[in-house]
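Hello,

Here is the structure I promised to pass on to you. Have a look at it first, and then read on for my notes.

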Amino acid sequence: MRKLFSLFVAFFVTTTLWAYDFQSGDLYYNITSDTTVEVTRSVDYTWEGGNYPNLTTVSIPETVTYNGSAYSVTGIGEWAFSYCSQLTSITIPENITSMGYSVFAKCTSLTSIQWNATNVNSFFCGDGPFDGLNREQITSFVFGENVK
């Protein structure tokens with residue numbers, strides 16, 4: 001019985017880790033409150049095959065609508081764009097206030113990040129979202145003018 005329970009818990013945790021709540025445009029989102037969401041991994045994410053395999057440029061919207069409700073996009077979850085090998089540039093709106101660990105890990109084509117940040121609340125400790133990103137390949141990294 002204990003083994004069956006352990007198997008059930010492992011299955012539940014695994015499926016929850018890879019789940020998303022909805023898709024809008026090219027991106028997938030998890031609902032984080034009644035009014036907010038975060039960008040999450042693509043549904044076809046695999047360690048071998050990459051993440052969002054067809055995206056070359058991304059402009060994260062400030063808001064998305066799902067089932068008639070408008071949500072503010074305030075975060076980017078762990079590993080959200082990791083292994084996204086075709087991604088060359090990303091624009092992040094100012095209302096993104098948190099990013100998880102390794103958001104851009106192994107994005108081998110990423111050269112441009114524009115983040116109009118004005119109120120960053122949290123990064124995962126250490127290198128955070130930029131852990132696993134080859135910083136030498138980034139030719140343009142623009143923060144909002146109020147970031148110090």
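In which sense do strand 2 and strand 3 pair, and over how many bridges? Strand 2 (residues 27-31) and strand 3 pair in the antiparallel sense, and 4 bridges hold that pairing. Before I go further, please keep in mind that this is a predicted model.

**Around strand 3**

The connection between strand 2 and strand 3 is a hairpin through 4 residues. If you would like a pair to click on, I31 has V37 of strand 3 as its bridge partner. Strand 3 also pairs with strand 6 (residues 69-76), this time in parallel, again over 4 bridges. There, V39 has I76 in strand 6 as its bridge partner. Strand 3 itself covers residues 36-40, and 4 of those 5 residues are buried, so the strand is largely enclosed by the rest of the structure.

**The sheet of four strands**

There is also an open sheet with 4 strands in the order 4-7-9-11, and its pairing is parallel. Strand 4 (57-59) and strand 11 (140-143) are at the edges with a single partner strand each, so each has one side without a neighbour in the sheet. From one strand to the next, the twist averages 5°. Strand 4 and strand 7 (residues 89-92) run parallel and are joined by 3 bridges. In that pairing, S59 sits opposite T91 of strand 7.

As a reminder for reading such a sheet, strands pair through backbone hydrogen bonds, either parallel or antiparallel.

**The nonpolar core**

Which residues have the most contacts inside the largest nonpolar core? They are I60, I76, F81, I90, I92, F104 and L110, in a core of 32 residues. Strand 2, strand 3, strand 6, strand 7 and strand 9 (112-115) each give two or more residues to this core. That fits a general tendency: in soluble globular proteins, nonpolar side chains tend to be buried together.

F81 is a good place to centre your view. Apart from neighbours within four places in sequence, F81 is in contact with L27, V39, N51, Y52, V58, I60, I76, L87, I90, V103, F104 and C107. Two names on that list will be familiar from above: V39 and I76, the bridge partners that link strand 3 and strand 6.

**The cysteines**

How many disulfides does the structure hold? The count is 0. Why is C84 not bonded to C107? The closest cysteine sulfur to that of C84 is the one in C107, but at 5.5 Å it is too far for a bond. C107 is likewise in no disulfide. C84 is buried, with a relative accessible area of 0%, and C107 counts as buried too because its relative accessibility is 1%.

**The chain as a whole**

The chain has 1 helix and 11 strands. Reading from the N terminus, the helix comes before the strands, in the order α-β-β-β-β-β-β-β-β-β-β-β. Of the 148 residues in the chain, 36% are buried. Among contacts between residues at least 6 apart in sequence, 55% join residues at least 24 apart. The chain exposes about 8600 Å², and 52% of that comes from carbon and sulfur atoms.

Best wishes

Conventions:
Residues numbered from 1 in each chain as written. Predicted model: local features only at pLDDT ≥ 70, side-chain atom pairs only at ≥ 80, totals over all residues. Heavy atoms only, no water. Buried < 20%, exposed > 50% of the residue type's maximum accessible area, 1.4 Å probe, protein only. Pairing = 2+ DSSP bridges. Axes fitted to C-alpha atoms, helices over the stretch in contact; angles between N-to-C directions. Core = buried A, V, L, I, M, F, W, Y, C linked by side-chain atoms within 4.5 Å. Contact = heavy atoms within 4.5 Å. Disulfide = S-S within 2.5 Å. Areas by Shrake-Rupley, 256 points an atom, 1.4 Å probe, with all protein chains shown as cover.
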